[in-house]
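Please open the model in your viewer and keep the sequence panel beside it, since this tour moves from one selection to the next.

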Amino acid sequence: MTQAYTNRFTEVHELFGADADAYAIGVYAPLVYRSMANHQRGVLLMHVGDMEQGATVDLALMQATDAAGAGAKAIAGKAITQLTQAGGDAGSTVVIEVRTEEMDVDGGFAFLGATLTVAGGACDIGIFALAGCSNYSPVSVTAWDEIVD
Amino acid sequence: MTQAYTHRFTEVHQLAGTLDPATYNGPTIEYTPYVNLAHHQRGVFIVQVGTMGAASTLLCSLVQSTNANGTDAKSIGAVADKLVILQQTEGDGNDTIAIEFRTDELDVNAGYCYIAGTVHVAGDVPLSALLLLGGSNQLAVPTAMWTQIVD
């Protein structure tokens, strides 16, 4: 079952967050923690542009028990292989997929977030988080500033 | 019909083009590659803008052509049909926009089956953009443009 012709992308994928900026060295939470109650799948897309000499980028999905990030911890196996300027990784586009069953639901971890770590030098980064496979559609579109159809 | 639980996002949505995250110093016009829609019925051009420079503007739109080189490129329908204008003076910094398209909106009778996303930048605008194709005739779609897929 693919995306139906009759469904807009924005009807079936809820925007959980996005950012595009030059990131200095540091550790960031690029997403506000969002509930996955209405979704069974999610995806975090990251596009890295120029990387300063010696720069590295790590990205991992996190889970928490509420929207404030209580009890935040990693989701096993949901981290990219580190991108390095030295390895020629500028211009990389990476994606992390997640299913709600991969979260610690028994422990009440129903909120999805992420941790972005930039080290060694600054990097230009674009991030998009989308939640799909929704129990009810169309999904909320309030996070988009404009949709042209 | 929504995304199936058994399908990865990257199995049903093909990453077809990007504009690298960077601060674009206008005036400049940037394009994603022109991509063939033969195997897709839908797509979306997503643009995320950072903090816009003073008095900067950004026009985001789609163009169609008859081949991958952009031959005879033109807008899809009227120019305004697939156009978003962002202005720093209007407080549009950090906006996220989506431009959806269907193949039936292209001028298929004249052989237009390629599409690209484009941005026209005036002033300094940090942005990142993705062109994703969906509604695919055959699954799974190619994943060659992804550097890494973690699943």
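Which residues have the most contacts inside the largest nonpolar core? Select A:L44, B:I46, B:V47, B:I99 and B:L127, because these are the residues with the most contacts inside that core, which has 83 residues. A nonpolar core here is a set of buried Ala, Val, Leu, Ile, Met, Phe, Trp, Tyr and Cys residues joined through C-beta atoms within 7 Å. A residue is called buried if 20 or more other C-beta atoms lie within 10 Å of its own, exposed if 12 or fewer, and partly exposed in between, with the C-beta atoms placed from the backbone. In soluble globular proteins, nonpolar side chains tend to be buried together.

Before going further, note how the model is labelled and how far it can be read. Residues are numbered from 1 along each chain as its sequence is written, and chains are lettered from A, with ligands numbered from 1, in the order in which they are written. This is a predicted model, in which local features need pLDDT of at least 70 and side-chain atom pairs count only at pLDDT 80 or more, while totals for chains, interfaces and linings use all residues. The pLDDT, which is the predictor's confidence in each residue from 0 to 100, averages 95 in chain B, where 98% of the residues score at least 70. The model as a whole scores ipTM 0.93 and pTM 0.95.

**Stay in the core**

Now select B:V47 alone and show its surroundings. Leaving out residues up to four places away in sequence, B:V47 touches B:C60, B:I97, B:V119, B:L127 and B:A129, where two residues are in contact if their C-beta atoms, placed from the backbone, lie within 7 Å.

**Chain A as a whole**

Next, hide chain B and look at chain A, which has one helix and eleven strands. Helices (H or I, at least four residues) and strands (E, at least two) are DSSP runs, numbered from the N terminus. Following the sequence of chain A, you meet the pattern α-β-β-β-β-β-β-β-β-β-β-β. The C-alpha atoms of chain A fill a box of roughly 45 × 40 × 25 Å along the principal axes. The radius of gyration of chain A is 16 Å, which agrees with the value near 15 Å for a compact globule of 149 residues; this radius is taken over C-alpha atoms, and the globule rule is 2.2 Å times the number of residues to the power 0.38. Buried residues make up 48% of the 149 residues in chain A. Of the contacts in chain A with a separation of 6 or more, 82% are between residues 24 or more positions apart.

**Two strands of chain A**

Select residues 14-23 of chain A, which form strand β1, and see that nine of its ten residues are buried. Then add residues 123-134, strand β10 of chain A, which runs antiparallel to β1(A) and is joined to it by nine bridges; two strands pair if DSSP finds at least two bridges between them. Within this pairing, A:Y23 stands opposite A:C123 of β10(A).

While strand β10 of chain A is still selected, pick out A:C133, which lies in it. A:C133 has a positive phi of about 50° although it is not a glycine, and A:C133 counts as buried because it has 22 C-beta neighbours inside 10 Å.

Move on to the loop between β10 and β11 of chain A, where A:P138 is placed. The peptide bond from A:S137 to A:P138 is cis, with omega near 5°.

**Where the chains meet**

Show chain B again, and select the residues where the two chains touch: 46 residues of chain B are in contact with 50 residues of chain A. The largest share of the side of chain B that touches chain A, seven residues, comes from β10(B). By class, that side of chain B has 23 nonpolar, 16 polar and seven charged residues; Ala, Val, Leu, Ile, Met, Phe, Trp, Tyr, Cys and Pro count as nonpolar, Asp, Glu, Lys and Arg as charged, and the others, Gly among them, as polar.

Next, select residues 93-99 of chain A, strand β8, which pairs with β11(B) in the parallel sense over three bridges. In β11(B), B:V150 is the bridge partner of A:I96.

As a last stop, select A:D149, in the segment after β11 of chain A. A:D149 counts as partly exposed, with 15 C-beta neighbours inside 10 Å. Leaving aside neighbours within four places in sequence, A:D149 is in contact with A:R8 and B:E100.
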